[in-house]
Amino acid sequence: MLGNQFETVSSSTDLPTTFTRNPPNLASKFKKSALETETLDTRINNFFSLYELKTDISNTKNTAPGHDRVCYEMFKHLSDHSLQFLLFLFNKLWVTGVVPKPWLHSIVIPVHKQSKPSNLPSSYRPISLTSSACKIMEKMIVNRLKWYLEHYNLRHITQSGFRIRRRVTDHIMRLHDIVGKSLANKHHVLPVFIDIAKAHDMVCTDASFFKLLKMGINGRMFNFIRSFLTNRCFQVRVGSKLFMVKYPTNGIPQGSILRPILFSILI
């Protein structure tokens, strides 16, 4: 039941009929755009360095490991010689654009939402456990994406979420300033707050690919992200019991390091 619930959330059947009935041919568009798009800065596609790898490993916090049961702490104790082998693996995957199948597999732990009826599958939040090795590589990719997006001002100036030196409180201060000025001038203020239900889970993957290409993100960066979001699967675990493998058709995987920045790019 829980597996079906989490799979359905990311199903194309939950997309608006106006979108599914008349899709913007995103799949064919991004294939054509991939050949035509020039990356604004080819440095985002360079080989990863040992410095990047060491920095991102040192910045990890202890979290539950994925199905391979390899945790961050193990990587922190590797010698430089062993890290060179790990770096070689990451760069090999970077060049080929192929993500190993175990990295596309998540273990989902259902956590009950407070004040929600416990007998409904929709009352449970999926917490995903994914490969720590994959998340280390994701960290290196995210750092490059952050630099690229900020350096070329590819996000709107008012967008604050998941950005360097920006906070959600920026919008609170902006609203506070507008309200103060409006009160002084006897004007009205009408704020609009939108809560997007299941926002990350409902992301159309083809739309994500198209948006990346529009921002000039091509080559190894694009190929890896496309591979990372394609053919994903998960299994619900309750206690020590693993259930049937499920295949979501859309969405950015929960627990992924890439999840916030990919969503901010699309939005």
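This dialogue goes through pockets, strands and single residues in a predicted model.

Trainee: What should I know about the model before I read any feature?

Mentor: Residues are numbered from 1 along each chain as its sequence is written, and side-chain values use heavy atoms, with hydrogens and water left out. The model is predicted, so local features need pLDDT of at least 70 and side-chain atom pairs count only at pLDDT 80 or more, while totals for chains, interfaces and linings use all residues.

Trainee: How is empty space found, and what is the volume of the largest pocket?

Mentor: Rolling a probe the size of a water molecule over the atoms shows where empty space is left. A pocket is an open set of points on a 1 Å grid over the protein atoms alone, where a 1.4 Å probe fits, with protein on both sides within 12 Å along at least five of seven lines, and lining residues have an atom within 4 Å of a point. Grid points are joined across faces, edges and corners, and the volume is the space filled by probe spheres set on the points. Here the largest pocket holds about 840 Å³, and among its 42 lining residues Phe 6, Val 9, Ser 10, Pro 126 and Asp 201 are the closest to its centre.

Trainee: Which element gives the most to that lining?

Mentor: Elements are DSSP runs numbered from the N terminus, with helices (H or I) of at least four residues and strands (E) of at least two. Strand β2 gives the most to the lining of the largest pocket, with five residues.

Trainee: How does the lining of the second largest pocket divide by class?

Mentor: Ala, Val, Leu, Ile, Met, Phe, Trp, Tyr, Cys and Pro count as nonpolar, Asp, Glu, Lys and Arg as charged, and the others, Gly among them, as polar. The second largest pocket, of about 610 Å³, has twelve nonpolar, six polar and no charged residues in its lining. Ser 160, Gly 161, Val 168, His 171 and Ile 194 lie nearest its centre, and α8 supplies the largest share of the lining, three residues.

Trainee: Is Ser 160 buried or exposed?

Mentor: Relative accessible area, found with a 1.4 Å probe on protein chains only, decides this: buried means under 20%, exposed over 50%, and partly exposed in between. Ser 160 has a value of 4%, so this residue is buried. It sits in the loop between α7 (132-151) and α8, and its side chain makes a polar contact of 3.4 Å with that of His 171. Such a contact is a pair of N or O atoms within 3.5 Å; within protein, one must be able to donate a hydrogen and the other to accept it, and residues adjacent in sequence count only if both atoms are side-chain atoms.

Trainee: What can be said of Asp 80?

Mentor: Asp 80 lies in helix α6 (residues 80-96) and is partly exposed, because its relative accessible area is 42%. Its side chain is in polar contact with the side chain of Lys 54, at 3.0 Å.

Trainee: How do I read strand pairing, and which way do β1 and β3 run?

Mentor: Two strands pair if DSSP finds at least two bridges between them. Four bridges join β1 to β3, and these strands run parallel, with His 105 opposite Cys 233 in β3. Strand β3 is also joined by four bridges to β4 (residues 241-246), and this pair runs antiparallel. The two strands β3 and β4 form a hairpin with two residues between them, and Gly 239 in the turn has a positive phi of about 65°.
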